[in-house]
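Thank you all for coming. I would like to walk you through one structure this morning, going from the whole chain down to single residues.

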Amino acid sequence: MADSAAQFSLVSSTSSSSSVTSSSASSARAPLGGCTGGNSMSCAVWDLLFWRDVRRSAVAFGASVVLLLSLATLSAVTVVAHVALALLSVTISLRVYKAVVQALQKSEEGHPFKAYLDLDVTLSPETFQAHAAVVAQHLNRGLQLLVRLFLVEDLVDSLELAVAMWLMTYVGAVFNGITLLILADILAFSVPPLYEKYEVQINHYVVLVRRQTKDLMAKIQAKLPGLAKKKPE
């Protein structure tokens, strides 16, 4: 009886530890499709790309693709003018309809967009300064990176940039800027959910590719000592 109780307690502790491990693993992977920290805008974009709300993501994806396709066939001025006219047609029609209904029913419902007109859309100086500081930080990092690459602080990094730009010449010969934006938009709404579904398999192949690339670069740097990266002081 004592042995049976001991075995039962061992099985229970094993199952509980496995459940804790699985729950901790799932909690560790939870931020992939969610938003931990950050502002509300980044969280909203994250949820759209991972299709947390299918209706909102479908509307955002369809609207972005239609806008980019319109820019591919029409000028930007024409697209902006047509979008503004469509929006004004909807709002003016609704405003006139509500005015006629109120005149016939002799009601005082007020402006149909009063709730939106009362919204505070002003940008406070503190908010503006916070966003400006973040933008300035990213700009400074980008400028430092460009200076480091184009002035060949590290020969390997500059050669990698040269190869990437050489490949981009072939991409630019096949696709124009709008076509690349359309492809980027499609990938932005399709890759995140696919990665979330096949995360383990994708990470496995990514690790293999990185390892092979690192080994190749190590062999090249070993044969050409002048290409060896400087060690940080």
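I will start with the overall picture, then turn to one helix, and finish with a patch on the surface.

Please keep in mind that this is a predicted model. The protein chain has nine helices and zero strands, so that, by the DSSP definition of these elements, the pattern read along the sequence is α-α-α-α-α-α-α-α-α. Of its 233 residues, 9% count as buried, and the accessible surface of the chain comes to about 18600 Å², with 69% of that belonging to carbon and sulfur atoms. If we take the contacts with a separation of 6 or more, 47% of them are between residues 24 or more positions apart.

Let us now look at helix α3, which covers residues 54-73. At 1.5 Å a residue, its 20 residues should span 28 Å, and this agrees with the end C-alpha atoms, which are 28 Å apart. Which residues of α3 are buried? They are S57, S64, V65 and L68, and because they cover an arc of only 95° around the axis, they lie on the same side of α3. On the other side of this helix, R55, R56, V59, V66 and T73 are exposed.

Finally, there is a nonpolar patch on the surface, formed by M165, M168, V174, F175, L180, L183 and I186, which together have about 590 Å² of accessible area. Helices α7 (155-174) and α8 (177-197) each supply at least two residues of this patch. One of the patch residues, I186, is in helix α8, and I186 is partly exposed because its relative accessible area is 37%, which falls between the limits of 20% for buried and 50% for exposed.

Notes. Residues are numbered from 1 along each chain as its sequence is written. This is a predicted model: local features need pLDDT of at least 70, side-chain atom pairs count only at pLDDT 80 or more; totals for chains, interfaces and linings use all residues. Side-chain values use heavy atoms; hydrogens and water are left out. Helices (H or I, at least four residues) and strands (E, at least two) are DSSP runs, numbered from the N terminus. Buried means under 20% relative accessible area, exposed over 50%, partly exposed in between (1.4 Å probe, protein chains only). Contact means heavy atoms within 4.5 Å. Accessible areas come from the Shrake-Rupley method with a 1.4 Å probe; for residues, only the protein chains shown count as cover. Patches are made of residues with over 30% relative accessible area and no salt bridge: like charges are joined within 9 Å, nonpolar side chains (Val, Leu, Ile, Met, Phe, Trp, Tyr) within 5 Å. A salt bridge is a side-chain nitrogen of Lys or Arg within 4 Å of a carboxyl oxygen of Asp or Glu. The expected span of a helix is 1.5 Å times one less than its number of residues. The arc is that of the directions from the helix axis to the C-beta atoms.
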